[in-house]
Amino acid sequence: MTTPEQPARILVVGEINVDFVFKGCHALPTPGNEVLADDFLMTPGSSSMICAMGLARLGNRVAFHGRLGTDASGKFCLRALQEADIDTASLRPDPSLRTGVTASLSTPQDRSLVTFPGAMAELRAGEIEDSWLQAADHLHVSSYYLQKGLRPGCRQLFARATAAGLSTSLDPGFDPDQRWENDLLDTLRAVDIFLPNEQELQAITGCSDLRQALVAVQNGRTRTIVKRGSQGCSSLHEGQRLDLPAYPVEAIDSTGAGDSFDAGFLHAWLREMPWLECMRWGSACGSLSTRGVGGTTRQASANEALALITGTP
């Protein structure tokens with residue numbers, strides 16, 4: 001664990017892609033029809049990148065490893081990570097790969113995604129060197145189901161991290177195949193913090209009741225926080241369900257809000273704040289990220305998050 005005087009050293013392992021965000025869609029498109037959007041922006045994308053940039057914005061020391069091409073999208077993403085003061089020393093752009101792309105059709109309340117995985121499917125757990133783990137305090141992985149190459153070795157990667165003295169966290173992301181295979185439940189036995197959204201948790205557990213779903217993923221080690229969008233977040237703490245409402249902000253775009261929630265929660269948890277306070281930090285960072293188009297344009301600083309939590313102007 002860390003202190004404000006000693007920022008957390010966090011290794012994020014995951015997918016790299018660029019987001020084409022269509023903001024304020026008047027409706028979701030249907031076959032044969034065209035819809036209009038109020039705005040468009042090209043931004044750094046992927047759950048992993050957005051979380052990493054959110055952690056860095058909050059003042060943490062972040063290193064990132066993933067796969068990317070030498071194409072324009074890859075150069076854009078690499079530059080964005082570097083400009084966020086994230087350690088990209090392990091990144092080796094590969095001219096044989098095409099960097100992933102996501103089209104995000106967004107409203108203030110929700111979004112739909114279309115993704116070309118590209119290079120992200122090539123990432124393997126075996127690439128993660130022991131020296132990278134030894135230089136970190138915490139390992140975070142996002143998009144478990146989307147990363148086909150990383151997924152088979154994910155539990156072993158978490159076990160290696162634990163053996164090296166790191167804490168660990170996992171955001172499962174959506175399963176594009178919608179199979180929700182239960183190998184994730186086995187992987188969770190090597191994970192400290194699990195960060196699904198409500199739809200993902202219900203699909204993974206097969207439980208429509210939120211409390212039952214939270215109970216279903218208990219394994220004696222992993223602690224789960226479920227993100228619920230405009231309804232806030234929920235968790236079990238000492239056997240009791242905790243529900244925290246979302247912070248009201250003037251939302252423009254919800255793209256990446258859950259990933260910014262992850263960043264805020266982990267920022268607080270790594271500083272050993274009380275559990276409810278960690279939930280507040282997650283909720284504040286998730287809410288504040290919706291002030292701009294795309295997942296990274298308006299991510300919260302630590303001072304902004306604290307001001308929202310404490311109600312100070």
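Two strands count as paired here if DSSP finds at least two bridges between them. Strands (E, at least two residues) and helices (H or I, at least four) are DSSP runs, numbered from the N terminus. With that in hand, in β8 the bridge partner of His138 is Ser167.

A word on the source before we go further. This is a predicted model, in which local features need pLDDT of at least 70 and side-chain atom pairs count only at pLDDT 80 or more, while totals for chains, interfaces and linings use all residues. Residues are numbered from 1 along each chain as its sequence is written, and side-chain values use heavy atoms, with hydrogens and water left out.

Let's start with the sheet. It is open, has eight strands with mixed pairing, and follows the order β4-β1-β7-β8-β9-β10-β11-β12. At its edges are β4 and β12 (240-244), each of which pairs on one side only. Helix α1 (residues 47-57) packs on this sheet and touches β1, β4, β7 (138-142) and β8; contact means heavy atoms within 4.5 Å. The direction of α1 makes about 160° with that of β4, where axes are lines fitted to C-alpha atoms, for helices over the stretch in contact, and angles run from 0 to 180 degrees between N-to-C directions.

Now follow β7. Four bridges join β1 to β7 in parallel, and Ile10 stands opposite His138. Five bridges join β7 to β8, again running parallel. Five of the five residues of β7 are buried, that is, under 20% relative accessible area (exposed is over 50%, partly exposed in between; 1.4 Å probe, protein chains only). His138, His140 and Ser142 point one way from the strand, and Leu139 and Val141 the other way. One step along the sheet, β8 (residues 167-171) pairs with β9 (residues 193-194) in the parallel sense over two bridges, and Leu170 has Phe194 as its bridge partner in β9.

Next, the empty spaces. On a 1 Å grid over the protein atoms alone, a cavity is a set of points where a 1.4 Å probe fits but cannot get out, and a pocket is an open set with protein on both sides within 12 Å along at least five of seven lines; lining residues have an atom within 4 Å of a point. Points are joined across faces, edges and corners, and a volume is the space filled by probe spheres set on them.

The second largest pocket has a volume of about 250 Å³. It is lined by 13 residues, and the closest to its centre are Leu11, Ala63, Asp87, Trp132 and Ala135. β1 (9-13) and β4 (61-65) each supply at least two lining residues, with β4 giving the most, four. The lining divides into nine nonpolar, one polar and three charged residues.

A search of the whole structure finds one cavity of 30 Å³ or more, with a volume of about 40 Å³. Its lining consists of Gly54, Leu58, Ser260, Ala263, Cys285, Gln299 and Ala300.

Finally, look at Ser301, in the loop between α9 (275-288) and α10 (302-310). Ser301 is buried, with a relative accessible area of 15%, and touches Arg57 and Leu58, not counting residues up to four places away in sequence. In α10, the buried residues are Ala305, Ala307 and Ile309, and they pack against α9. Just after α10, Gly311 takes a positive phi of about 75°.

Note on methods
Nonpolar A, V, L, I, M, F, W, Y, C, P; charged D, E, K, R; others polar.
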